[in-house]
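Biologist: I would like a close look at a single part of this model, set against the chain as a whole. Please keep to what can be read from the atoms.

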Amino acid sequence: AVTVADICSRAEVSRSTFFNYMPSLEAAVFGRPYPRLAAEDVAARLDAAPNGPLIPVLLDIVFSTIGHSAVNPEVASRRFELMRRRPETQAQVRGPLSRLFDDLAESAAQWLESHPGRAQLAGSPRREARLLVGILGLAMEDLVVTLGTSGSFEDAFLTPDKWAETIETISRIATAEARGLADKHGDVT
């Protein structure tokens, strides 16, 4: 039920100042939309990358699109608290990143289709691109939630070391779960 006037009053700024920084009330509450990714821009970045893991390149694309790697833990924790209290807001809070990740997965899939030698999985490049971007999204959500619930209200940066540690944790959990499934149900590959 909050209005732009409510926000302006509490922040002690004019309505025009508010709209200099935010395109809408929804953007102030849920986050600004990010520019759409162009497949040719993603392909150029992937083409320029040395052979090796694609996640670091995809991560650089995300940060360059967002414009930073800083997370304001207070804002992050409040947005996650909003989703916890009002689950119907989850799509709106996650919306800007979801659109960005959907664009990235589609562009990465097109690139992998034209560069099959860079694929790690046999079969569908689209599946591999979705999994890579899914890992990136899961790691980002974990890092933001961790930073947002740390109790520190200083800006925090999502450093490469934090990313590597989070992705390694995801890998350990996924490996343990896969072993548990194999033990319970036989080979699941």
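Biologist: Of the contacts in the chain with a separation of 6 or more, what percentage comes from residues 24 or more positions apart? After that, please take helix α5, residues 55-66, and describe its length, its burial and its helix neighbours.

Modeller: This is a predicted model, in which local features need pLDDT of at least 70, side-chain atom pairs count only at pLDDT 80 or more, and totals for chains, interfaces and linings use all residues. Residues are numbered from 1 along each chain as its sequence is written, and side-chain values use heavy atoms, with hydrogens and water left out.

Residues 24 or more positions apart account for 63% of the contacts in question (contact: heavy atoms within 4.5 Å). The chain has 9 helices and 2 strands (DSSP runs numbered from the N terminus, H or I of at least four residues for helices, E of at least two for strands). From the N terminus, the order is α-α-α-α-α-β-α-α-α-β-α. Of the 189 residues, 31% are buried (under 20% relative accessible area; exposed is over 50%, partly exposed in between, with a 1.4 Å probe and protein chains only).

Now to α5. Its 12 residues should span 16 Å at 1.5 Å a residue, and its end C-alpha atoms are 16 Å apart, which agrees (the expected span is 1.5 Å times one less than the number of residues). The helix is mostly covered, with 9 of the 12 residues buried: Ile55, Val57, Leu58, Leu59, Ile61, Val62, Phe63, Thr65 and Ile66. After α5 comes Gly67, which has a positive phi near 100 degrees.

One neighbour is α4, residues 39-48, whose axis comes within 10 Å of that of α5 and crosses it at roughly 135 degrees (axes are lines fitted to C-alpha atoms, for helices over the stretch in contact, with angles from 0 to 180 degrees between N-to-C directions). The two helices are therefore oblique to each other (under 35 degrees is roughly parallel, over 145 roughly antiparallel, 65 to 115 roughly perpendicular, and the rest oblique). Val42, Arg45 and Leu46 of α4 make the contact with Val57, Leu58, Asp60, Ile61 and Ser64 of α5. By class, these residues are 5 nonpolar, 1 polar and 2 charged (Ala, Val, Leu, Ile, Met, Phe, Trp, Tyr, Cys and Pro count as nonpolar, Asp, Glu, Lys and Arg as charged, and the others, Gly among them, as polar).

Another neighbour is α7, residues 90-114; its axis and that of α5 come within 11 Å and cross at roughly 135 degrees. This pair is therefore oblique as well. From α5, Leu58, Ile61, Val62, Thr65 and Ile66 meet Leu97, Leu100, Phe101, Leu104 and Ala108 of α7. That contact has 9 nonpolar residues, 1 polar residue and no charged residues. Leu58 and Ile61 take part in the contact with α4 and also in the one with α7. An α-helix has 3.6 residues a turn, so residues three or four places apart point the same way.

For comparison elsewhere in the chain, α9, residues 160-185, has 26 residues that should span 38 Å, and its end C-alpha atoms are 37 Å apart, which agrees. The buried residues of α9 are Trp163, Thr166 and Ile170.
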